[in-house]
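These are my notebook entries on a structure that I had not looked at before. I set down what I looked up, in the order in which I looked.

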Amino acid sequence: MKKREIALTVKDLRITYKGLKKFSVKKALLSFRTSKAETFEALRGVSFELQKGKILGIIGKNGSGKSTMLRAIAGIFSPDKGTIDLHGNNVSLLSIGVGFQPKLTGHENIYLSGMLLGFSEAEIKAKYKEIVEFSELKDFIHKPVKTYSSGMYSKLAFSVTAILKTDIMLIDEVLSVGDAKFKEKSYNKMKELISDKHRTVVIVSHNIDTLDELCNEILWLDEGKIKMYGPSKKVLKAYKEFMAN
Amino acid sequence: MKKFIDNVKKYYSYAIYSAKSELKSEVAGSYLNWLWWILDPLAFMMIYTFIVTIVFRSNEQYFPVFVLIGLTTWNFFNSMITSSVKIVNNNRNIVSKIYLPKYILIISKSFVLLFKMSISFALIILMMIVMQIPFSWTIFQFLPILIVLYVITFGISSILLHFGIFVEDLANLMNIVLKLMFYLSGIFYSIGTRLPVPYNSYFLNFNPAALVIDSFRKILINGSNPDYLWLFIWLIIGLLLTMIGINIIHKHENSYAKVI
């Protein structure tokens, strides 16, 4: 195995929200003016490379394009310009409770959500026990999800995403859910997942301490551009100073 | 097109599982449960039979079966089109969090509707036995007609899925168009005998819903062959629409998440 294998390459990524204003038949009939398309550039030319097994933190103030970037890497948005190369890795945006159906039981929702994440029925079956055990739901797993308390709901959702894992994981805010005990457990699980040597992780967060603890490298975005990119200590120090002013 | 087939293969099991769970959650908690899937078509059959045979004094033979075939076909067509307009919006929580080829949502929906349609067709067969309509060998031509219906409906739905995202009130417009089509498709009357001669064939052949309904009636009630030339033409049109729809979706689907 090569030492410096690249897992993710982002080249001159630009994403604009423009010209996608909704059109309606009513408006077209009633107004003669054509509505001007509003453009908003969320990302303006971001390039970076990430090696396999590294943990990248993305930091920046609100609206600097962090979440847009994650979604672009996850394939939900397509870049308007530039390329994202995943080098054949599969990727998932770790988000809670994708595709859950409230009227169905927890058991069925595990399969539903898992299949949506691109796993086969057999793969989910193999992990099923682990998911249920981790979620601490016990018999509730066979009750409809709508009867769950919000804590139970997020426990189940977290367990599904944490145990069915992909090569590249994208995390929007470090997830810690449930009561104090489960919070610690899920945070530790998160750390365990992240520190796996074969897994590449991208984390978006505002919490400097968490990023400091978890990440090797930090990307600092400001107004859709890279302000700084490098080892985490150095960037975080500069970021702290910047925010203090 | 290759991408389409690969994606369908990849997400096929999700589409089926999601269809199953939609059906399950539909009956979970309702009083008569799955009985509704049977009661619903039966009730509408009786309503139309009452109105048309008693109020309008139509003397169509075997009217209950006649109208049930019309309603069953129409329900599939109508529900597919109505739901495809809003389908991405309704699945916002999936679409904004994960990549999923958007036509998988339509395919999943079609499985739900096909299942309900098969219950309806079982009822039709049952009614045919009760009303002692003679079965004929033509019943085995069922499948090709169904395929034409599916392909044309899927084609239209896939195009509407795209425009439904950008045109806010497309749903209102489609309601009107579909209502008009409902009355033009001969669901509770026979286009062939009720409309004047040169026009009836236009109404029948230029409207895929009418053509499919008429074909089903021919093979089930009359024991005659459907008009394969026109069915074939609509199959080709359906395939073309599907290709156009799939291409539009592939080209634009990644910007959907920005709009909804």
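Entry one, a helix of chain A. I began with helix 5 of chain A (residues 150-163), where helices (H or I, at least four residues) and strands (E, at least two) are DSSP runs numbered from the N terminus. At 1.5 Å a residue its 14 residues should span 20 Å, and its end C-alpha atoms are 20 Å apart, which agrees; the expected span is 1.5 Å times one less than the number of residues.

I noted the conventions before going on. This is a predicted model, in which local features need pLDDT of at least 70 and side-chain atom pairs count only at pLDDT 80 or more, while totals for chains, interfaces and linings use all residues. Residues are numbered from 1 along each chain as its sequence is written, and chains are lettered from A and ligands numbered from 1 in the order in which they are written.

I then asked how many residues of helix 5 of chain A are buried. I found 12 of its 14 residues buried, where buried means that 20 or more other C-beta atoms lie within 10 Å of the residue's own, exposed means 12 or fewer, and partly exposed is in between, with C-beta atoms placed from the backbone. Among the buried ones are Met152(A), Tyr153(A), Phe158(A) and Ile163(A). What covers them includes strand 5 (91-94), helix 3, helix 4 (121-135) and helix 6 (180-195) of chain A.

Entry two, helix 3 of chain A. I saw that 10 of the 11 residues of this helix are buried, so it is largely enclosed by the rest of the structure. Gly106(A), Glu108(A) and Leu116(A) are among these buried residues, which pack against helix 4 and helix 5 of chain A together with helix 1 (2-27) and helix 4 (92-95) of chain B. Just after helix 3 of chain A, Gly118(A) takes a positive phi of about 95 degrees.

Entry three, where the chains touch. I looked up the contact between the chains and found that it takes 29 residues from chain A and 25 residues from chain B, two residues being in contact if their C-beta atoms, placed from the backbone, lie within 7 Å. Helix 3 of chain A gives the most to the side of chain A that touches chain B, with 5 residues. That side divides into 16 nonpolar, 7 polar and 6 charged residues; Ala, Val, Leu, Ile, Met, Phe, Trp, Tyr, Cys and Pro count as nonpolar, Asp, Glu, Lys and Arg as charged, and the others, Gly among them, as polar.

Entry four, the largest nonpolar core. I read that of its 124 residues, Ile58(A), Leu170(A) and Ile203(A) touch the most other members; such a core is a set of buried Ala, Val, Leu, Ile, Met, Phe, Trp, Tyr and Cys residues joined through C-beta atoms within 7 Å. Helix 3 (residues 63-90) of chain B gives the most to this core, with 13 residues. Leaving aside neighbours within four places in sequence, the contacts of Leu170(A) include Leu70(A), Val91(A) and Val202(A).

Entry five, chain B. I counted 11 helices and 0 strands in chain B, and 37% of its 260 residues count as buried. Leu114(B) lies in helix 5 (residues 103-130) of chain B and is partly exposed, with 14 other C-beta atoms within 10 Å. Leu114(B) and Tyr150(B) are 36 residues apart in sequence and 9.2 Å apart in space, C-alpha to C-alpha.
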